[in-house]
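Here are a few friendly notes to read alongside the model. Please keep the sequence and the 3D view open as you go through the points.

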Amino acid sequence: MTTKQGLRIAVDFLMSAMLLLLMVYERIGTLPHEVLGTGMFVLLILHHILNRSWLRNLFKGKYSLYRVIQTAFVLLIFLTMIGSMASGVVLSRHLFAALPIRDGRFIARTAHMLCGYWGFVLMSLHLDLHWNVMIGVVRRMRGGEQASPSAVLGLRLAAVLVALYGLQSFFGHDLGDYLLLRTHFVFLEFDRPVALLLLDYLAIMGLFVICGYYAGRLFHRKNHGSKP
């Protein structure tokens, strides 16, 4: 593994960890939430700097359906992060409170909720690319050795369990209502231990990573003319 690859993995891991902590903002306080949100934005910029070759090739080559979808995901994630950061500055009580911004707090609160939850879903779906990179790194560390059939079966069963738990948590925390803006306020769950909240959101993240991973495999198989 090169230094650049290691740095990419470290940045992606930190972004994933910060994303989970940002989702339980009511339990960590407004100041940590603002610090994490600002750090998340900085890491996103660093992520794009480390992957600038992708940006250079944005207008080169042919666009398959899979590439179109992945590019759209990247652009949408960037927009949700811009929206989260801009609305967060307006709502700030600590880091940016000194700025002369007083109007539009209701609109900013709605935008922050919408961008935050959509950003969580889109980033989780987009993690399938980095999951493939991680799998490749592990295989190289094992000398290219393939996993045994029993190990593959175990991983697939684990993926099913994570997906089921994530699906239950998705509906249990009313994420659909927030994504579709059926409500303009987030229900604060102070009665649930923060460790379990983090586990719930980790499972939801896992659900979308799994969905993105298998959707990507399906697109690749269709592009190569094989049956899914």
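1. Let us begin with M81, which lies in helix α5, residues 65-91. This is a predicted model, so please read every value here as computed. M81 has a relative accessible area of 9% and is therefore buried, since buried means under 20%. Leaving aside residues up to four places away in sequence, M81 touches M40, F41, L44 and M123. The C-alpha atoms of M81 and H112 are 9.5 Å apart, with their positions 31 residues apart along the chain.

2. Next, have a look at helix α3, residues 30-50. Its 21 residues should span 30 Å at 1.5 Å a residue, and the end C-alpha atoms are indeed 30 Å apart. The buried residues of α3 include M40, F41 and L44.

3. Now for the rings: the structure holds five aromatic pairs. F170 and F171 make an edge-to-face pair, with centres 5.3 Å apart and 85 degrees between the planes. F171 is exposed at 57% relative accessibility, whereas F170 is buried at 12%. F170 also pairs with F208: the centres are 6.0 Å apart and the planes stand at 70 degrees, so this pair is edge-to-face. It joins distant parts of the chain, F170 in helix α7 and F208 in helix α9, 38 residues apart. Ring pairs thus link F170, F171 and F208 into a cluster.

4. S169 is also in helix α7, residues 149-172. S169 counts as buried, at 2% relative accessibility. Not counting residues up to four places away in sequence, S169 touches D200 and I204.

5. Finally, please look at R67, whose charged end sits over the ring of Y63, 3.9 Å from the ring centre.

Definitions and conventions: Residues numbered from 1 in each chain as written. Predicted model: local features only at pLDDT ≥ 70, side-chain atom pairs only at ≥ 80, totals over all residues. Heavy atoms only, no water. Helix = DSSP H or I, 4+ residues; strand = E, 2+ residues; numbered from the N terminus. Buried < 20%, exposed > 50% of the residue type's maximum accessible area, 1.4 Å probe, protein only. Contact = heavy atoms within 4.5 Å. Expected span 1.5 Å × (residues − 1). Phe/Tyr/Trp six-rings, centres within 6.5 Å; stacked < 30°, edge-to-face > 60°. Lys NZ or Arg CZ within 6 Å of the ring centre and 35° of its normal.
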